[in-house]
Amino acid sequence: MGPSGAGKSVILKHIIGLLKPDAGDVWVQGKSVPDLTPDELRGLRRNMGYLFQHAALINWLSVFENVALPLKETRELSPSQIQDKVEHVLKLVRMEGDLQKYPAELSGGMQKRVGLARALVTDPRIILYDEPEAGLDPEMSTSVSRMIRRLRDELHTTSITVTHSWACAQLIADRVALFEKGALVTEAPLDAFLSDPHPRVSEFLGQSK
Amino acid sequence: MNGGYGVFLAGQVFVRIPHLFRRRQTFKEQLFLGGIKTLHVSLLVGFFIGMIVSLQVGLELSKYGQQENIGLLVSILMAREMAPFVTAIILAASVGSAMAAELGTMKVQEEITALDVLSVDVVSYLVLPRVIALTLVSPILTLLSVWVGTLGGGVIAVTQLGLDFSGYTHNAMTALQDIGSTIPLPVSLYSGLIKSIVFGFVTAIVSCASGLHATNGAQGVGQTTRSAVRDSIILIIVLNFFLGKFLLH
């Protein structure tokens, strides 16, 4: 968590190798991400899912084609296997009725859910969520947060979520870290975070509420 | 556009040519966009260019009583210079700008980043079918432009210069008699077609490279599109001179 410009999304982009750190290192599953070759990085990313702030669906592909894309491009599966997997993940995010729709025909919340299905379809071990509640009304934001929690519990994946919403963090987090100006302020389990003595924690929570 | 990145991208496209079969759906769509959707513009412009050349050169030739040679001049000018050049400009302005805007929009909306994160090969998925389609479409449109341009020149030869159409056509066909020593085809034809292949390839590479480097939202996409068209046209003009010099020798 952290205010805008704290460097939250930048951390996610370092974890998945979209950015290289100016200094220091990033270790994921025992590998130093900045030192990976392009092929090794592709291999690492196969174990990771990423939900973009604005879903980043490919506009000219239907819901089905968007979710099937990583399978068609990176896995050797038969069309029927792809069909089964895509339908399964779309059911998980409750979008099974909109297979043939295009992103422009979907609301922001629905696009997020399709983006989530696309992130899940390759069975990732780690999922990164970049402000899943951004641009959604409070009701839809809560619904997406609950879905993230449910998927985490059902699929047993490690999830790292970037948010500036305390309501979202309360729904989905086991541990919370607060960032400011590119630096870690504090990090603790959800309950302990509330009573963290650092002055920025109470200030941030006050503003967030 | 960064010139070094353009050269790098061109190399990446060559390496991925074997992927083209997998990309046949996008490839066919791009052929349609670059070919069928641009055909009427190419034909119309080619026809009028032929008429302009015939009118301007024909009126000068008629002062010296040489107007019966207008067919040869129109067909040579159309095949070697005007048709490849004008077709390339049309493709840069219509198809190249659309490519830059499309990829630029994808870039600023994080769709390119999403493809990267999903381990999708962006060059193979997006760039390869566009580049190959435009490279193939360009000589086809050029050939058609030569044909309608020569026809347009004939209309002027008949209506303004008082020539008969069969004489004009016979004179125009003599342009095909000059066979090259290295390539056993009419020089006028192959020099124009080779130019058009290079122009199509360069336009597509410049447009894709510009699009993939777009930043700063909608304003950045506009800037990217403008610079893609500008850079393509500059490269087409410079290459036109050097290729013309090289191919005729």
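**Figure 1. The interface between chain A and chain B in a predicted model**. Chain A and chain B bury about 1,700 Å² between them, and 62% of this area is on carbon and sulfur atoms; buried area is the accessible area (1.4 Å probe) that two parts lose on being put together, summed over both. In chain A, the residues that lose the most area to chain B are Phe52(A), Trp60(A) and Glu73(A), which together make up 33% of what that side buries. Counted by contact (heavy atoms within 4.5 Å), 20 residues of chain A meet 18 residues of chain B. Because this is a predicted model, local features need pLDDT of at least 70 and side-chain atom pairs count only at pLDDT 80 or more, whereas totals for chains, interfaces and linings use all residues. Residues are numbered from 1 along each chain as its sequence is written, and chains are lettered from A in the order in which they are written.

**Figure 2. The largest pocket and its lining**. The largest pocket holds about 730 Å³ of space, where a pocket is, on a 1 Å grid over the protein atoms alone, an open set of points with protein on both sides within 12 Å along at least five of seven lines, and a volume is the space filled by probe spheres set on the points. Its lining (residues with an atom within 4 Å of a point) has 23 residues, of which Tyr5(B), Ile112(B), Asp116(B), Val122(B) and Val123(B) are the closest to the centre. Helix 2 (38–45) of chain A, together with helix 1 (3–15), helix 4 and helix 5 of chain B, each give two or more residues to this lining; helices here are DSSP runs (H or I, at least four residues), numbered from the N terminus.

**Figure 3. The largest cavity**. The largest cavity, a set of points where a 1.4 Å probe fits but cannot get out, has a volume of about 130 Å³. Among the 17 residues that line the largest cavity, Arg45(A), Met48(A), Thr122(A), Val117(B) and Leu118(B) lie nearest its centre.

**Figure 4. Helix 6 of chain B and its buried side**. In helix 6 (residues 165–173) of chain B, the buried residues (under 20% relative accessible area, 1.4 Å probe, protein chains only) are Tyr168(B), Asn171(B) and Ala172(B). They lie on the same side of helix 6 of chain B because they cover an arc of only 100° around the axis, the arc being that of the directions from the helix axis to the C-beta atoms. These buried residues pack against helix 3 (70–108) and helix 5 (122–159) of chain B, while the face turned away from them carries Ser166(B) and His170(B), which are exposed (over 50%).

Notes:
Heavy atoms only, no water.
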